[in-house]
2 protein chains.
Amino acid sequence: MSRRALPLFVFALALGGCATSPASTPAGAAATPRTMQQILEASRPADWRALEPGNTLLMELDDRRRIVIELAPQFAPEHVANIRTLAQGGFWNGLSINRSQDGFVVQWGDPAEEEAARRPLGAAKAKLPAEAEVRGTPALDTAWTRLPDPDGWAPQVGFVDGFYAARDPARNTYWPAHCYGMVGAGRDIAIDSSTGAELYVVIGQSPRQLDRNITTVGRVVQGMEWLSTVPRGTGPLGFFEKPEQRVTIRSVRLMSDVPRAERIALEAMRTDSPLFAELVEARRNRRDDFYKVPAGHIDLCNVPLPVRPIQR
Amino acid sequence: MSRRALPLFVFALALGGCATSPASTPAGAAATPRTMQQILEASRPADWRALEPGNTLLMELDDRRRIVIELAPQFAPEHVANIRTLAQGGFWNGLSINRSQDGFVVQWGDPAEEEAARRPLGAAKAKLPAEAEVRGTPALDTAWTRLPDPDGWAPQVGFVDGFYAARDPARNTYWPAHCYGMVGAGRDIAIDSSTGAELYVVIGQSPRQLDRNITTVGRVVQGMEWLSTVPRGTGPLGFFEKPEQRVTIRSVRLMSDVPRAERIALEAMRTDSPLFAELVEARRNRRDDFYKVPAGHIDLCNVPLPVRPIQR
């Protein structure tokens, strides 16, 4: 028995950075189904889109632990505008990760219990509408790529511009889906009590019951491993009981405000392309030697959304 | 805005230990649906089953980090017998966690690359049949509790004796489902290449594509937070690149071999009771004030399986 293997999962691989190889077989021309690795290697520049620095957050815990979040103004325009304002005002600099609840979320913001003791929001708004669900638009309809598989949480599930999403055609609405790495705006009991100053990321089994109940603002596209391994809090809801257990945030900046030499330049695989459809199919039925019984199915939150350093 | 809340997730709560309160309303008699917390508080001794010390592993990383695994002989009798033999022979003592792949699994065993360099299995068998799926029996049919919700991975999903499971009535087979905390036997390419000496636990979004492809041997019922936060490995498949990055395992023992004073005595909620059915329904439609849109659905791997210290 050699090195006992379990199949490679998507997130690590997708972030590994795979060179495009223009000489390889184009999508659709392959005689036998290609694996995810082969699909990534065969991708062309048009299969990727560069993340916009003005639509991306760089969160730094320290020199080593840098986290990149793509914002989703398609779904939460007012929250995303507020988050941009907060980042530009240095709101999170010196604040902390205050909650780490196993199998659920990691959350950061101002740890002060009392509102009066909290850092002011500066130029950002203190009151926003709930944006847990949005009305369909031609732009959303065009970006929408439906997953062929059934889902018990929503009439349809799929992808919008690289985000996990769901759709109700009867009500003509769309909403982001709470999959691993998705970032939302913490709130109180009232659905319109979030400002974007308090953010959480999904680290556990997709809590899709939060869909349509809470405003989702983006997705972690690099550095999830620094958030998913934060030691768990032992207080109620996974909050840290002692201030010294909190993880200090050095800074959160818009990538466009980061000096060019320090930026992380990433590109995401387009989710409205034939290549992405081929990738989904490759994950619905795994063809590598490890798998003996292909599933013939995939859940939304199991679909990889590859992101890599920009290839020049 | 007071303490910004996100709803309490199940695992932390379930392990918190809730006193039974015999005076509370019995299941079914409630006028309005009860929350999970109320259901736990109203539970009676008959709603719980004590874990059998001879069917439970205690894995110790150090004094503080103790992990309890319930074994599943219903699904993998030969693997579980081998694991008992390995534990009694001290096989894992001094070995290590060698792999931590974000969003997927954490894996432990002998880190040696070459088979010749590995620790001998002692009295355990070097060759076992694959036990990724088992034939239905009257015992399994009796234990089976079906989840009412659709699932794209299997004809039916539900629970057997406190384990996430799936069923194909047409083929009269059952198999464990790869949900958070489920423990499986690492293998090579051949489906019958596992011995139980190499084990992994699911730490990410349920990789149900592994169902029926790999033998599952149990579930972590306490201490998941020590496994889910192991720093991620940077080598292929999340293996650690340097020996010093591995996490040393002090010991893995059968709980029945642990001196009585050091044992962890746990009980699990029965999954074949009316109270458990009520709990599932409480999670399908969340009634607490935080939720504005009850989902009317739950995925198998989102259902909590409460475990707590034995109440005396």
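Okay, let's start with chain A: of its 312 residues, 58% count as buried. Before I go on, please keep in mind that this is a predicted model.

So what does chain A look like overall? Its secondary structure adds up to 6 helices and 17 strands. The radius of gyration is 20 Å, close to the 20 Å the globule rule gives for 312 residues, so chain A is as compact as a globular protein of that length. If you lay the C-alpha trace of chain A along its principal axes, it spans about 65 × 50 × 40 Å. And take the contacts in chain A with a separation of 6 or more: 70% of them come from residues 24 or more positions apart.

Let me show you one spot in chain A. A:Arg308 sits in strand β17, which covers residues 307-309. Is A:Arg308 buried or exposed? With a relative accessible area of 1%, A:Arg308 is buried, because the cut-off for buried is under 20%. A:Ala268 is 40 residues away from A:Arg308 in sequence, yet the C-alpha to C-alpha distance between the two is 6.6 Å.

Over to chain B, and another arginine. B:Arg49 belongs to strand β1, residues 48-50 of chain B. B:Arg49 has 19% relative accessibility, and since buried means under 20%, this arginine counts as buried. Which backbone oxygen does the side chain of B:Arg49 reach? That would be the one of B:Asp161, at 3.0 Å. Leaving out residues up to four places away in sequence, B:Arg49 touches B:Glu70, B:Asp161, B:Gly162, B:Leu266, B:Glu267, B:Ala268 and B:Arg270.

Now let's put the two chains together. On the chain B side, 64 residues are in contact with 64 residues of chain A. How much area do the chains bury between them? About 6,600 Å², with 53% of it on carbon and sulfur atoms. As for salt bridges between chain B and chain A, the count is 0. Polar contacts are there, though: the rule finds 22 residue pairs across this interface, both partners at pLDDT 80 or more.

Which elements of chain B are involved? Both β5 (105-109) and α5 (224-228) supply at least two residues each to the side of chain B that touches chain A. The largest share there, 3 residues, comes from α5(B). Sorted by class, that side of chain B has 31 nonpolar, 15 polar and 18 charged residues.

That's my tour, thanks for listening!

Note on methods:
Residues are numbered from 1 along each chain as its sequence is written. Chains are lettered from A and ligands numbered from 1 in the order in which they are written. Side-chain values use heavy atoms; hydrogens and water are left out. Contact means heavy atoms within 4.5 Å. Buried area is the accessible area (1.4 Å probe) that two parts lose on being put together, summed over both. A salt bridge is a side-chain nitrogen of Lys or Arg within 4 Å of a carboxyl oxygen of Asp or Glu. A polar contact is a pair of N or O atoms within 3.5 Å; within protein, one must be able to donate a hydrogen and the other to accept it, and residues adjacent in sequence count only if both atoms are side-chain atoms. Helices (H or I, at least four residues) and strands (E, at least two) are DSSP runs, numbered from the N terminus. Ala, Val, Leu, Ile, Met, Phe, Trp, Tyr, Cys and Pro count as nonpolar, Asp, Glu, Lys and Arg as charged, and the others, Gly among them, as polar. The radius of gyration is taken over C-alpha atoms; the globule rule is 2.2 Å times the number of residues to the power 0.38. Buried means under 20% relative accessible area, exposed over 50%, partly exposed in between (1.4 Å probe, protein chains only).
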